[in-house]
Amino acid sequence: MATSASATSYTLVEHAPEIGDPRLSDLLRYWCAKRRGRSVPAYRDIDPIEIPGLLTYLWIHDYDPESERFRVRLMGEAVRSTYDCPVVGIDVEDLVTQAAYPVVSERYRAVLDTPAIGHGRGRIYGHTIGRVGGGERLYLPLADDEGHPRMILGATIYKLLDDPQAAAAVEAGLRPDTMSPVAVL
């Protein structure tokens, strides 16, 4: 059963997300295997080389609870190429528009605080680079060495759409992001 979560752009659901892209399904299976009975796997347990088909789509963002900011730790080339500058080490707030950052930050915080598996499908990148892309994204929490969820492992599979009709079709298929609470299996 889905329940709305405040005035956000996502819905909290009690089941695993319905992932369309098989590469994202592979990432979720990999992440689940690395949990080893914990609700969230540790960053040190993740080795991107073990998921070579996803390397170009992966990203990891760190959360600093003192500043309440997210920073880019790693970004695969397919995702990095959407930006016109180097992004590793940059605050996420500097990659998105001022209006978009509260939404992005709230999604990320839901992934870490619940903890939850985040999933979105539809329009991607319009708020960051000003061009419409259609795609799918997965957000997965990772724990620091003390076991606290402080990082997000994500993957974004997308296609930029320069054709206005194609962009309109993506817009029509847009659905809100979902967050699925994580339970220890």
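The expected span of a helix is 1.5 Å times one less than its number of residues. Keep that rule in mind as you work through these exercises on a predicted model.

## Exercise 1: Get an overview

**Task.** Find how many helices and strands the protein chain has, and in what order they run.

**Solution.**
- Step 1: Start with the totals. The secondary structure comes to 5 helices and 8 strands.
- Step 2: Now walk from the N terminus. The elements run β-β-α-β-β-α-α-β-α-β-β-α-β.
- Step 3: Add the surface. The chain has 185 residues, and 49% of them are buried. Its accessible surface comes to about 9,200 Å², with 53% belonging to carbon and sulfur atoms.
- Step 4: Look at the contacts with a separation of 6 or more. Residues 24 or more positions apart account for 60% of these.

## Exercise 2: Check two helices against the rule

**Task.** Compare the spans of α1 and α3 with the values expected at 1.5 Å a residue.

**Solution.**
- Step 1: Helix α1 covers residues 22-35, which is 14 residues. From its first C-alpha to its last it reaches 20 Å, close to the expected 20 Å.
- Step 2: Helix α3 has 13 residues and should span 18 Å. Its end C-alpha atoms are 17 Å apart, which agrees.
- Step 3: Look at the two ends of α1. At the N-terminal end, D21 acts as a cap, with a side-chain oxygen 2.8 Å from the backbone nitrogen of R23. Just after the helix comes R36, with a positive phi of about 50°.

## Exercise 3: Read the burial pattern of a helix

**Task.** List the buried residues of α1, and then those of α3.

**Solution.**
- Step 1: In α1, the buried residues are L24, S25, L27, L28, Y30, W31, K34 and R35.
- Step 2: Bring in a general rule to help you read such a list. An α-helix has 3.6 residues a turn, so residues three or four places apart point the same way.
- Step 3: Repeat the exercise for α3. Here Y101, V104, S105, R107, Y108, A110, V111 and L112 are buried.

## Exercise 4: Follow one lysine

**Task.** Decide why K34 counts as buried, and find its partners.

**Solution.**
- Step 1: Place the residue. K34 belongs to helix α1.
- Step 2: Apply the cut-off. Buried means under 20% relative accessible area. K34 has 12% relative accessibility, so it counts as buried.
- Step 3: Search for contacts, leaving aside neighbours within four places in sequence. K34 is in contact with P41, D45, I46 and E50.
- Step 4: Focus on E50. The side chains of K34 and E50 are joined by a polar contact of 3.0 Å.

## Exercise 5: Explore a hairpin

**Task.** Describe how β3 and β4 pair, and what happens between them.

**Solution.**
- Step 1: Strand β3 (residues 58-64) has 6 of its 7 residues buried, so it is largely enclosed by the rest of the structure.
- Step 2: The strands β3 and β4 (residues 69-75) run antiparallel and are joined by 6 bridges.
- Step 3: Match some residues across the pair. H61 has V72 as its bridge partner, while D62 stands opposite R71.
- Step 4: Examine the turn. There are 4 residues between the strands. E68, in this loop, has a positive phi of about 60° although it is not a glycine.

## Exercise 6: Find the nonpolar cores

**Task.** Identify which residues of the largest nonpolar core touch the most other members, and which elements supply it.

**Solution.**
- Step 1: The core has 21 residues, and L27, L138, L140 and L153 touch the most other members.
- Step 2: Elements giving two or more residues are α1, β3, β6 (133-143) and β7 (149-160). The largest share, 5 residues, comes from α1.
- Step 3: Another core, of 19 residues, lies apart from this one; Y63, V72, V79 and A100 are among its members.
- Step 4: Zoom in on L140. Not counting residues up to four places away in sequence, L140 touches L27, L28, W31, V111, I117, M151, I152 and L153.

## Exercise 7: Spot unusual backbone

**Task.** Find where the cis peptide bond lies, and decide whether R36 is buried or exposed.

**Solution.**
- Step 1: The bond from T114 to P115 is cis, with omega near -25°. P115 lies in the loop between α3 (101-113) and β5 (116-124).
- Step 2: R36 sits in the loop between α1 and β3. Its phi is positive although R36 is not a glycine.
- Step 3: Exposed means over 50% relative accessible area. With 56% relative accessibility, R36 therefore counts as exposed.

Conventions: Residues are numbered from 1 along each chain as its sequence is written. This is a predicted model: local features need pLDDT of at least 70, side-chain atom pairs count only at pLDDT 80 or more; totals for chains, interfaces and linings use all residues. Side-chain values use heavy atoms; hydrogens and water are left out. Buried means under 20% relative accessible area, exposed over 50%, partly exposed in between (1.4 Å probe, protein chains only). A polar contact is a pair of N or O atoms within 3.5 Å; within protein, one must be able to donate a hydrogen and the other to accept it, and residues adjacent in sequence count only if both atoms are side-chain atoms. Contact means heavy atoms within 4.5 Å. Accessible areas come from the Shrake-Rupley method with a 1.4 Å probe; for residues, only the protein chains shown count as cover. Two strands pair if DSSP finds at least two bridges between them. A nonpolar core is a set of buried Ala, Val, Leu, Ile, Met, Phe, Trp, Tyr and Cys residues joined through side-chain atoms within 4.5 Å.
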